[in-house]
Amino acid sequence: MRKTIQLAAMLVAATTLTGIASAHAQENHTLRFNHVLGPSEPFHQGFLAWAEAVKERTNGGLTIEVFPSAQLGVEEDIIEQIRQGANIGQNTDAARLGNYVKELAVVNGPYFVDSNEEAFALATAPSMVEWQQKLADEHGIKVVCFDWVQGDRHFFTNKAIRSPEDLAGLRIRTPPAPIWQESIRALGAAPTAMAFGDVYPGLQQMAIDGAELVYPNITAGNLFEVLDYANETAHIKLINFQVVSNEWFNKLPADYQTALVEECRTAGQNTSATMAEAAKTAKQTLVDKGMTIVDDIDLAPFKQAGMAAYDALGLSEARAKIYSEIGKK
């Protein structure tokens, strides 16, 4: 009798465990991921690689659907949907996240990091971890990872730029966030907020005099048709953040959360390396298209001028704190 009862208990336990495993296996979660870049850009391929890795690692339990060219909407609107708990994600930057947690914007400041390795080291900096937690707890935005370095941003104009004084009076397109505006203003230009998709017609209609972007943006958007000079100021090494709803993220099984984060970092670092090579290729394409590359620039005056952006936004202390944590002088 006792053996019969024990056997029955074992069968019930086994059935329960099987049921839990089956239920977990049948859980299907979908993340609709939006970004503003075109399907020909390396970041899009990187997002597809992230999606494939997550799908494989979760046996199809977590699927990422990638939407290029802002198909789901403009970035600011998507972030608001994220805050409301939607199963939607967005490729964004520290400048926009700084609208919620001010200190995060420091990552987008002029000459903040000098290499991809320094950018990757930010992930474990205690202050960065603290600020991301605040972003999740108080604003509902979960940073999955930010190992996606889009590359060095330069000024692309119709005149040569070799000093901050050369930017005086030029209306330079920037994204709409305070750190962008203050950074470009500190470097000598007049910042003009504008969506990336409006840059080409904006240049045609002379609403702006130039833009600050990475090389692959110029080739992907055919902006060489309306711009003559690529001025290698490298004033911002753009680090992109992949964000989702904190509410949505917390509902995922723990192993799905881990897969989403770890595969994000792997895909991001691989894509960052690809971007570095893509910049070289794009630069040569622009030379072939007749664009003049201005690379004999003394960056010291630009770096000195850029410090004013940190002071203007009260981010000098945040900058110093991060530098001490990652061992940067």
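## A walk along four helices

Start by selecting G188: this glycine follows helix α7 and has a positive phi, near 120 degrees. Keep in mind that you are looking at a predicted model.

Now step back to α7 itself, residues 178-186. Which of its residues are buried? Color I179, W180, Q181, S183 and I184 to see them.

**Next stop: helix α3.** Select residues 75-83. Here the buried residues are E75, I78, I79 and I82. Look down the helix axis: these residues cover an arc of only 100 degrees, so they sit on the same side of α3. A handy rule helps here: an α-helix has 3.6 residues a turn, so residues three or four places apart point the same way.

What covers that buried side? Show β1 (29-34), β3 (88-93), α4 (94-97), β4 (141-157) and β8 (229-245), which are among the elements covering the buried residues of α3. Before leaving, click on G85, which follows α3 and has a positive phi, near 100 degrees.

**Last stop: a pair of helices.** Select α2 (residues 42-57) together with α11 (residues 254-288). Their axes come within 9 Å and cross at roughly 155 degrees. An angle over 145 counts as roughly antiparallel, which is why α2 is described as roughly antiparallel to α11. The crossing is right-handed.

To see the contact, show side chains on both helices. From α2, the residues include F43, W50 and R57; from α11, they include L260, E263 and M275. What kinds of residues make up this contact? There are 11 nonpolar, four polar and three charged ones.

How values were computed:
Residues numbered from 1 in each chain as written. Predicted model: local features only at pLDDT ≥ 70, side-chain atom pairs only at ≥ 80, totals over all residues. Heavy atoms only, no water. Axes fitted to C-alpha atoms, helices over the stretch in contact; angles between N-to-C directions. Helix = DSSP H or I, 4+ residues; strand = E, 2+ residues; numbered from the N terminus. Parallel < 35°, antiparallel > 145°, perpendicular 65-115°, else oblique. Left-handed = near helix turned anticlockwise from the far one by under 90°. Contact = heavy atoms within 4.5 Å. Nonpolar A, V, L, I, M, F, W, Y, C, P; charged D, E, K, R; others polar. Buried < 20%, exposed > 50% of the residue type's maximum accessible area, 1.4 Å probe, protein only. Arc of directions from axis to C-beta.
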